[in-house]
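Trainee: I'd love a close look at a single part of this model, starting from one residue and working outwards to what surrounds that part. Please take me through it slowly.

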Amino acid sequence: MDPVTVRLSEASTHTLRTLSDRLAPALADDPRATTVSLPELPPGLRDELRACARTGHDGVTVLRRLPVDADRMGPTPARWSEVSDQAGAQWAAQMLLLARALGRPIGWAGQQDGRLVHDILPTRGEEREQTGASSAVELSPHTEDAFHPGRANLLLLACVRNPDRVPTTAASVRHARLADTERELLADPALPILPDSSYAEADGFGGQAPPVATVWETGAGLGLRYDPAYTPLDDGNPAYLRAYRRLGAELARAAVGVRLDPGDVLVIDNDVAVHGRQPFRARYDGTDRWLRRVSVRVPGRRRPDADEHGYGQRVLDPFAGRFEDEEDTP
Ligand SMILES: [Fe+2]
């Protein structure tokens, strides 16, 4: 099934561009947004963004063509740390305004130097890693930051450029056909999920790894937390592993490939859908695929309670308690 694809109205596009131009200089100076205020959006724009990005039942939506200027970003750099905060400020502003309409943008102390907008681009020497810096291998479907209880509820993946139209993949657990016994097995906390290598090592990394549930009932359908590349599957019992493999096969069957063009934003419900990427050949000549990512917490979302430490990784939540209209976010 193809994902829902939507486009902002002309009026909302204009408002978003005006607001982002106003916000961009502050973000250029402070990409961690520790002192930046995100304005409350005019109701017309806010409601349209919410309607557009409302991830509905299956958790995958494509918002086409934000009013951003891809050329302003310059060539794709060799690594995330070489992205200019100045050049990236217009995109950052639009993504954070979108995040503001949907919830609260968050970052991580140990990832991309605490920035709220992360850059996903191929990095030499990391071609075969299971992180966004890889290229030559399939980035297998996963929940973003699955190891952490403070992970995003929504993920925004915006495309700066994608000249080879490499598909980003997404698969909803709500399209997975699972037997009741399989759901029950997968709902039982059996195995931990460990942090990926894009995190700087932090205190607590070597601590006890608590097992977590893979699926749960949200009231609106199944939720999931899935990252097989970072799950010690050798420690699972045979019945559990059969159910886990079945889930993996169902997610593969239900996967869609989304070819993002410049300005497109893939909105993934990180509690409902996993995402990944097809392999591609990186060129390292300034023209490579380049996505920008923002993680969003949605107030009021519930997940199974678990006693987790997050492996010492610290969520940065600079807007916590600062949005007056937060209680009525979707
Ligand atoms: Fe990811």
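Mentor: Happy to! When I say helix here, I mean a DSSP run of H or I at least four residues long, numbered from the N terminus. Please keep in mind that this is a predicted model. Let's start at Gln90, which is found in helix α3. With a relative accessibility of 3%, Gln90 counts as buried, because the cut-off for that word is under 20%. Leaving aside residues up to four places away in sequence, Gln90 touches Ser20, Asp21 and Ala24, as well as Pro67, Val68, Asp69 and Arg72.

Ser20, Asp21 and Ala24 lead us to the partner helix, since they are among the α1 residues that meet α3. Also on the α1 side are Leu16, Arg17, Leu19, Leu23, Leu27 and Ala28. Facing them from α3, Gln90 is joined by Ala89, Ala92, Ala93, Gln94, Leu96 and Leu97. By type, the residues of this contact divide into 11 nonpolar, 3 polar and 2 charged. As for geometry, the axes of α1 and α3 come within 7 Å and cross at roughly 115°, and the crossing is right-handed.

Now let's step back to the core. In soluble globular proteins, nonpolar side chains tend to be buried together. Here the largest nonpolar core has 47 residues, and those touching the most other members are Leu27, Leu49, Leu63, Leu156, Val265 and Val294. Two or more residues each come from α1 (10–29), α2 (43–53), α3 (89–102), β6 (154–161), β11 (265–269) and β13 (290–297). Our helix α3 gives the most, with 11 residues.

Leu156 is a good place to see how α3 connects to the rest. Again setting aside residues up to four places away in sequence, Leu156 touches Met95, Leu98, Ala99 and Leu102. Leu156 also touches Val265, Leu266 and Val267, and then Arg292, Arg293, Val294 and Val296. Apart from this core lies another, of 17 residues, including Leu186, Tyr226, Tyr240 and Leu247.

One last glance, at Tyr240 in that other core. Tyr240 and Tyr244 are 4 residues apart in helix α5 (residues 238–254), so about one helical turn separates them. Tyr240, at 2% relative accessibility, counts as buried, and so does Tyr244, at 5%.

So, to come back to where we began: Gln90 is a buried residue in α3, the helix that gives the most residues to the largest nonpolar core.

How values were computed: Residues are numbered from 1 along each chain as its sequence is written. This is a predicted model: local features need pLDDT of at least 70, side-chain atom pairs count only at pLDDT 80 or more; totals for chains, interfaces and linings use all residues. Side-chain values use heavy atoms; hydrogens and water are left out. A nonpolar core is a set of buried Ala, Val, Leu, Ile, Met, Phe, Trp, Tyr and Cys residues joined through side-chain atoms within 4.5 Å. Buried means under 20% relative accessible area, exposed over 50%, partly exposed in between (1.4 Å probe, protein chains only). Contact means heavy atoms within 4.5 Å. Axes are lines fitted to C-alpha atoms, for helices over the stretch in contact, and angles run from 0 to 180 degrees between N-to-C directions. A crossing is left-handed if the near helix is turned anticlockwise from the far one by less than a right angle, and right-handed if clockwise. Ala, Val, Leu, Ile, Met, Phe, Trp, Tyr, Cys and Pro count as nonpolar, Asp, Glu, Lys and Arg as charged, and the others, Gly among them, as polar.
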